[in-house]
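Reader: Hi! I'm new to this one and would like a friendly walk through it. Could you put it up on the screen?

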Amino acid sequence: YLPTLAAMEARVEAIHKGEAPEAIWLLEHPPLYTAGTSAKVADLVDPDRFPVFEVGRGGQYTYHGPGQRVVYAMLDVGNRGRDVRCFVRALENWVIATLAEFNVRGEIRPGRVGVWVVRPDRPNPDGTPSEAKIAAIGVKLRRWVSFHGISINVEPDLTHFSGIVPCGISDHGVTSLVDLGLPVTMADLDAALMHTFPHFFPPEGGINPSCAI
């Protein structure tokens, strides 16, 4: 994990200097927890379960592991309009559009980071549909170049999330594409990510100005 972070930071520096093009890395990590800049110690429920790494991205604790696609987005936001809010919204909508390729409706919730799905098949005690997180988003910008990015649950061991309070949210669950009953592979997800990416981050530069789906 640490060599990967070092390689990512080196690439960010090279992009800033104009020595390397933008890049999207699609990775899969061994089981580990990461602590963002807003992480609270109390949210690390089981500190001895997996290695814990403090990273410079925004957000709180999150889990990475096999069956989860980690997307590191190293993009020159400075040359794409310098609008951080629009950039983050474009990342969210990129995930939503990717999930839609599998007929999954991803949604954003005010005050809750990430992308969520409604689970009518798993109602709350009061009968209302529950909601579960399927993707996390945590980014950092250095000299207007972004890094870190997105994680999307394809088929991780969902019990591994129990060692933390994911992103500081304890009253909602976590799900995955396979947990939703979809036989989606990493290759399927990667193809969908690549298909939808240019809509939000055109190859000629900029960010999709709609910032919404």
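Author: Sure, and a definition comes first: two strands pair if DSSP finds at least two bridges between them. Helices (H or I, at least four residues) and strands (E, at least two) are themselves DSSP runs, numbered from the N terminus. This is a predicted model, where local features need pLDDT of at least 70, side-chain atom pairs count only at pLDDT 80 or more, and totals for chains, interfaces and linings use all residues. Residues are numbered from 1 along each chain as its sequence is written, and side-chain values use heavy atoms, with hydrogens and water left out.

Reader: Thanks! What stands opposite lysine 133 in S10?

Author: That is valine 174. The strands S8 and S10 (residues 173-174) run parallel and are joined by two bridges.

Reader: And which residue of S7 is the bridge partner of lysine 133?

Author: Tryptophan 116 is paired with lysine 133 of S8. Strand S7 (residues 112-123) is antiparallel to S8, with six bridges between them. The two make a hairpin with five residues in between, and glycine 127 in that turn has a positive phi of about 95°.

Reader: How does S8 pair with S9?

Author: In the antiparallel sense, over eight bridges, with S9 covering residues 145-153. One of the matches is valine 139 with histidine 148 in S9.

Reader: Is S8 mostly covered or mostly open?

Author: Mostly covered: strand S8 (residues 129-142) has ten buried residues out of 14. Buried means under 20% relative accessible area, exposed over 50%, and partly exposed in between (1.4 Å probe, protein chains only).

Reader: What happens in the loop between S8 and S9?

Author: That hairpin has two residues between its strands, and arginine 143 takes a positive phi near 55° there. Tryptophan 144 sits in the loop too, and has a phi near 70°, a positive value in a residue other than glycine.

Reader: Why does tryptophan 144 count as partly exposed?

Author: Because its relative accessibility is 28%.

Reader: And histidine 148, buried or exposed?

Author: Histidine 148 is buried, at 5% relative accessibility. This residue of strand S9 also has a positive phi, near 60°.

Reader: Let's zoom out. How many helices and strands are there?

Author: Three helices and ten strands. Along the sequence the pattern reads α-β-β-β-β-β-α-β-β-β-β-β-α. The radius of gyration is 17 Å, close to the 17 Å from the globule rule for 213 residues, so the protein is as compact as a globular protein of that length. That radius is taken over C-alpha atoms, and the rule is 2.2 Å times the number of residues to the power 0.38.

Reader: What does the C-alpha trace span along its principal axes?

Author: About 55 × 40 × 30 Å. Of the 213 residues, 51% count as buried.

Reader: One more spot: where does phenylalanine 197 lie?

Author: In helix H3 (residues 186-200). Phenylalanine 197 is buried, with a relative accessible area of 16%.

Reader: Which residues is phenylalanine 197 in contact with?

Author: Leaving aside neighbours within four places in sequence, phenylalanine 197 touches Ile24, Leu75 and Trp94, where contact means heavy atoms within 4.5 Å. Its C-alpha is also 8.5 Å from that of threonine 98, although the two are 99 residues apart along the chain.

Reader: What about long-range contacts overall?

Author: Among contacts between residues at least 6 apart in sequence, 63% join residues at least 24 apart.
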